[in-house]
Amino acid sequence: MSNLLIPPNHRILLIDDNPAIHEDYRKIFRTVALDNASPLHAAEAALFGDVKKAAECAAFEIVSAFQGQEALGKVREALRAARPFAMAFIDMRMPPGWDGLETTLRLWEVCPDLQVVICTAYSDYSWEEMLARLGRTDRLVLLKKPFDNLEVLQLAHALTEKWRLGQEALAQTEELGWRVVERTRELQDANEKLQEEMAERARVEEAFRQAQKMEAIGQLAGGVAHDFNNILSVIRGHASLLMNEEHLSVASLESVRELDSAAERAATLTRQLLTFSRKQVMQPECLEVNGAVQDVTKLLRRLLGEDIALEIEAGEGVPEIRADRGMIEQMLINLAVNARDAMANGGRLLVRTEAVELDTESARRDARRRAGRFACLSVIDSGCGIAPETMPHLFEPFFTTKEVGKGTGLGLATVYGIAKQHEGWVEVESKPGQGAAFKVFLPESAKPVEDAPRHGEPARPRGGKETILLVEDDAALRHVLQLVLQTYGYRILVASSGVEALQIWPEHAEEIDVLVTDMVMPDGMSGRELIARLKAQKPGLRVILCSGYSRDLLRADARLDEELNFLPKPYTPVKLANAVRKCLDGRAVPRALSATAPV
Ligand SMILES: Nc1ncnc2c1ncn2[C@@H]1O[C@H](COP(=O)(O)OP(=O)(O)OP(=O)(O)O)[C@@H](O)[C@H]1O
Ligand SMILES: [Mg+2]
């Protein structure tokens, strides 16, 4: 196992009060040293199986001591000099000092490995008595005087070799011990790494499950919202027709207004759901985040009230982002309102912007993260904080801890959807009683986007005599749209699908001034495709594309196609009339009509 080798140690300590005995010993050992061929060496060879080695080892070094105390001093000195004795010959009777047993005990105290030969002429003690005093016999030999020279030499050889082997075994055990320690540490390290990897895997899996759950909820919410849009458009359309009736009683008018405002609230919910499911059409511009925060500060102060101190910390070098201004403002407002609700007794709200650079390592540790440069928008409050069991549900639509009527649970779902649609994400840190910090990461804009001009919208748009081809698959909605547009004086042709529109087209191609079409329709032809087919035949045809959301638009990254006039659902008749008029007058439908603006 080991190539450790303890060199032979032939240092012998001789302890006897009689100087003549020292002389005798020296003679014995000198004989050996001088005469390699002596009969003793034959005995060595027999004992150790190697004559040559035995002869080489024969140079014993003898140190004399005449009393036990003196011997102890020499043993200590030898240890200090790192030249320990391998063995000692100790006389049993050494007046006036310690006897052989006492000396042995004292020497073992400082040098436990010392091999001891006790020499005695008398039976001073029985072997049992000696055992009782010394305890251990594995380092002890008893030699009766007068001794035989050969016997002494054999003992010297055997015991010094025993000492060496003992040391070697000790060193090997020690080394083994170190190896065990080292290996244990390696195993511990490997184990820690494994634990870390398992924890990371669990985190990634959890994040994946969470993302899947949100995706599924998003699809469901988006689908529901889409259908609701049509229904709400019908309700609001009819409400608007009724409100224009001249002979309506005051009570009926009031009822219709209530109807309309309820439908409006429902439309707001629908819009939030669409935002959550990222099916809201986005109108990106190159946005300076500090400026956007500045713009809503006044509104935030009003929202927060007097008991909450608002602090703005605008970071330096915050990258510009490609974003929908309305959506970013919405996000800030939702987060601030939540913070306000979490600080019923007042507190402090910090809105901070900063530039954040994430490397691949930090992206690897958190499944939501991505490497790159980001504008980080933090909303940090000193409120009640969030319970750990609430955390996994925060962003789910309709999850709320607020009492009925106080919260719909769409605020954070909207924030989540907006961040996602901007190719970013939201991180939350919070502990109960210690406030909450929401951090929204939005990627640096890759290329500048031209700002779109903003227009207002007249309250009562002008009508006209033009002809509109209205394509909408929902019969109720088609009907109300037709009625509404007719009240503005337009002539309306209707079709329930793209295929039907194509059938009507040849006969009326000349008269049709504007096409108003839904995006998603049955019979396998989308609004987009219909537009393309009709424009091929009449390039000057004006078009308005309506949709609650559109898979086509989504495929085009849910961003507005600049050439198209897009009208998001649900819309009020006024908005539709406005869109038609502006389109006919050759202007783009203003961005104020975007889905993020109030309906
Ligand atoms: N800053 C915050 N501190 C403590 N809890 C929060 C904070 N923000 C959100 N929450 C918790 O998350 C839940 C969901 O928030 P979310 O904004 O989605 O819905 P809501 O505020 O309850 O309702 P809504 O925003 O639709 O009016 C809240 O009910 C609240 O329990
Ligand atoms: Mg909220």
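# Questions on a predicted model

Modeller: A positive phi, near 60°, belongs to Glu423, which follows helix H12. The coordinates are those of a predicted model.

Colleague: What makes H12 mostly covered?

Modeller: The cut-off for buried is under 20% relative accessible area. In helix H12 (residues 411-421), nine of the eleven residues are buried. They are Leu412, Ala413, Thr414, Val415, Tyr416, Gly417, Ile418, Ala419 and Gln421.

Colleague: What covers the buried residues of H12?

Modeller: The cover includes three helices and two strands: H7, H8 (250-276), H10 (325-342), S11 (425-430) and S12 (436-443).

Colleague: Why is S12 described as largely enclosed by the rest of the structure?

Modeller: Strand S12 has eight residues and seven of them are buried, so the description follows from that count.

Colleague: What makes S11 and S12 paired strands?

Modeller: Pairing requires at least two bridges between the strands. S11 and S12 have six, in the antiparallel sense. Val426, for example, has Val440 in S12 as its bridge partner. The two strands form a hairpin with five residues between them, and Gly433 in the turn has a positive phi of about 80°.

Colleague: Which strand is joined to S12 by eight bridges?

Modeller: That is strand S10 (residues 372-381), and S10 and S12 run antiparallel. Within this pairing, Cys376 stands opposite Phe441 of S12. With eight bridges against a requirement of at least two, S10 and S12 also count as paired.

Colleague: Why is Ser277 called buried?

Modeller: Its relative accessible area is 7%. The limit is under 20%, so Ser277 qualifies as buried. The residue is found in the loop between H8 and strand S6 (285-287). Leaving aside residues up to four places away in sequence, Ser277 touches Gly218 and Gly222.

Colleague: Why is Leu220 called exposed?

Modeller: Exposed means over 50%, and Leu220 has a relative accessible area of 60%. The value lies over the limit, so Leu220 is exposed. Its place is in helix H7.

Colleague: Which residues make the nonpolar surface patch?

Modeller: Leu220, Val224, Phe228, Ile231, Ile235 and Leu259 make a patch of about 530 Å². To be part of a patch, a residue needs over 30% relative accessible area; Leu220, at 60%, meets that. Helix H7 (residues 149-243) gives the most to the patch, with five residues.

Colleague: What is the strand order of the open sheet that contains S14?

Modeller: The five strands are ordered S14-S13-S15-S16-S17, with parallel pairing. Strand S14 (491-495) and strand S17 (565-568) are the edge strands, each pairing on one side only. From one strand to the next, the twist averages 20°. Helix H14 (residues 498-508) packs on this sheet and touches strand S13 (467-471), S14 and S15; its direction makes about 135° with that of S14.

Colleague: What makes S15 and S16 a pair?

Modeller: Strand S15 (residues 512-518) and strand S16 (residues 542-547) run parallel and are joined by five bridges. At least two are needed, so S15 and S16 count as a pair. One of the bridge partnerships is that of Asp518 with Cys546 in S16.

Colleague: What is the strand order of the open sheet that contains S2?

Modeller: The order there is S2-S1-S3-S4-S5, again five strands with parallel pairing. Strand S2 (61-65) and strand S5 (140-144) each have a single partner strand, so one side of each lacks a neighbour in the sheet. The twist here averages 20° from one strand to the next. Helix H4 (residues 68-80) packs on the sheet, touching strand S1 (11-15) and S2, and its direction makes about 165° with that of S1.

Colleague: How many bridges join S3 to S4?

Modeller: Five bridges join strand S3 (residues 87-91) to strand S4 (residues 115-120), and the two run parallel. Ile90 stands opposite Ile118 in S4.

Colleague: How many helices and strands are there in the protein?

Modeller: The protein has 17 helices and 17 strands. Of its 599 residues, 46% count as buried. The accessible surface comes to about 30,200 Å², and 53% of that belongs to carbon and sulfur atoms. Among contacts with a separation of 6 or more, 76% are accounted for by residues 24 or more positions apart.

Notes:
Residues are numbered from 1 along each chain as its sequence is written. Chains are lettered from A and ligands numbered from 1 in the order in which they are written. This is a predicted model: local features need pLDDT of at least 70, side-chain atom pairs count only at pLDDT 80 or more; totals for chains, interfaces and linings use all residues. Side-chain values use heavy atoms; hydrogens and water are left out. Helices (H or I, at least four residues) and strands (E, at least two) are DSSP runs, numbered from the N terminus. Axes are lines fitted to C-alpha atoms, for helices over the stretch in contact, and angles run from 0 to 180 degrees between N-to-C directions. Contact means heavy atoms within 4.5 Å. Patches are made of residues with over 30% relative accessible area and no salt bridge: like charges are joined within 9 Å, nonpolar side chains (Val, Leu, Ile, Met, Phe, Trp, Tyr) within 5 Å. Accessible areas come from the Shrake-Rupley method with a 1.4 Å probe; for residues, only the protein chains shown count as cover. A salt bridge is a side-chain nitrogen of Lys or Arg within 4 Å of a carboxyl oxygen of Asp or Glu. Buried means under 20% relative accessible area, exposed over 50%, partly exposed in between (1.4 Å probe, protein chains only).
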